[in-house]
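Here's a quick tour for someone meeting this fold afresh. Have a look at the model, then read on.

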Amino acid sequence: MADDMYGRRAWLYDLIYDGKDYASEVERLRQILSDHGVESGASVLEAACGTGNYLEHLVNFYDSSGFDISADMLALARHKVAEVELFEADMFAFTPKKTYDAVLCLFSSLSYADSLAQLERAARNFYEALRPGGVLVVEPWIGPGDAEPGRPFMKTYQDDDIKVCRQFVSKEEGRRATLDFHWLVAERGEDVEYFTTQLVAYLYSATEYRQALEDAGFEVVYDSNGVSGRGLFVARR
């Protein structure tokens, strides 16, 4: 994970993803959940909820909860969704205290699993967090060979008081994708700050995601479009 971006510089996360349309993605999620028997008012847990951008919309329709491994990200989430139960936990190691009608793991957060064993562990944890008949929604990341090694990427944000630029060149070694982010942050009245962070994520095929979920006990279907073009696994306990 990019520790600094999810730690003391967590506030940059919302700026760099300012263009992501969380509201429309949640509308699509609502339809998918309804198609699988999860209606408004159901209890929904978001794993790796970050700064609460999905929860900010989910709370309008569901009895929503969320957890994240980063206390700094959760602190930002609490400002957006003060009424939501939020707790600090690691999806690869948490023990659910209660069960839910649905569990969501979005924005490819499961790609932080650094081995198939860890991927399977998260799937089992999600299974235990669901009531019988409950639904898990997992948004996967790209698979092996799809990281486009050598390709440059850039995201920017700007308003009158701050300008942010984040660049990296993709690297792929086996299952491991390394994103060495180079940042420039210019705030009103301050010197321009340059720093680097590193994000390491892991590449699994659709077959491997499906197998991990099925081995945990789920019945799995795959939606190739999903909510953002990355596809979705919808799994019933």
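## A helix and the sheet beside it

Right after H3 comes Gly-37, with a positive phi near 85°. Before going further: this is a predicted model, where local features need pLDDT of at least 70 and side-chain atom pairs count only at pLDDT 80 or more, while totals for chains, interfaces and linings use all residues. Residues are numbered from 1 along each chain as its sequence is written, and side-chain values use heavy atoms, leaving out hydrogens and water.

Helix H3 runs over residues 22-35. Helices (H or I, at least four residues) and strands (E, at least two) are DSSP runs, numbered from the N terminus. Buried in H3 (under 20% relative accessible area, 1.4 Å probe, protein chains only) are Tyr-22, Glu-25, Val-26, Leu-29, Ile-32 and Leu-33. They sit on the same side of H3, because they cover an arc of only 115° around the axis (taken from the directions from the helix axis to the C-beta atoms).

Now for the sheet. It's an open one of 7 strands, ordered S3-S2-S1-S4-S5-S12-S11, with mixed pairing; strands pair if DSSP finds at least two bridges between them. S3 (85-88) and S11 (219-223) each have a single partner strand, so one side of each lacks a neighbour in the sheet.

Two helices pack on this sheet, with contact meaning heavy atoms within 4.5 Å. Angles run from 0 to 180 degrees between N-to-C directions, using lines fitted to C-alpha atoms, for helices over the stretch in contact.

| Helix | Strands touched | Angle |
|---|---|---|
| H6 (residues 116-128) | S1, S4, S5 | about 135° with S5 |
| H7 (residues 206-215) | S5, S11, S12 | about 150° with S11 |

Conventions: The expected span of a helix is 1.5 Å times one less than its number of residues. Buried means under 20% relative accessible area, exposed over 50%, partly exposed in between (1.4 Å probe, protein chains only).
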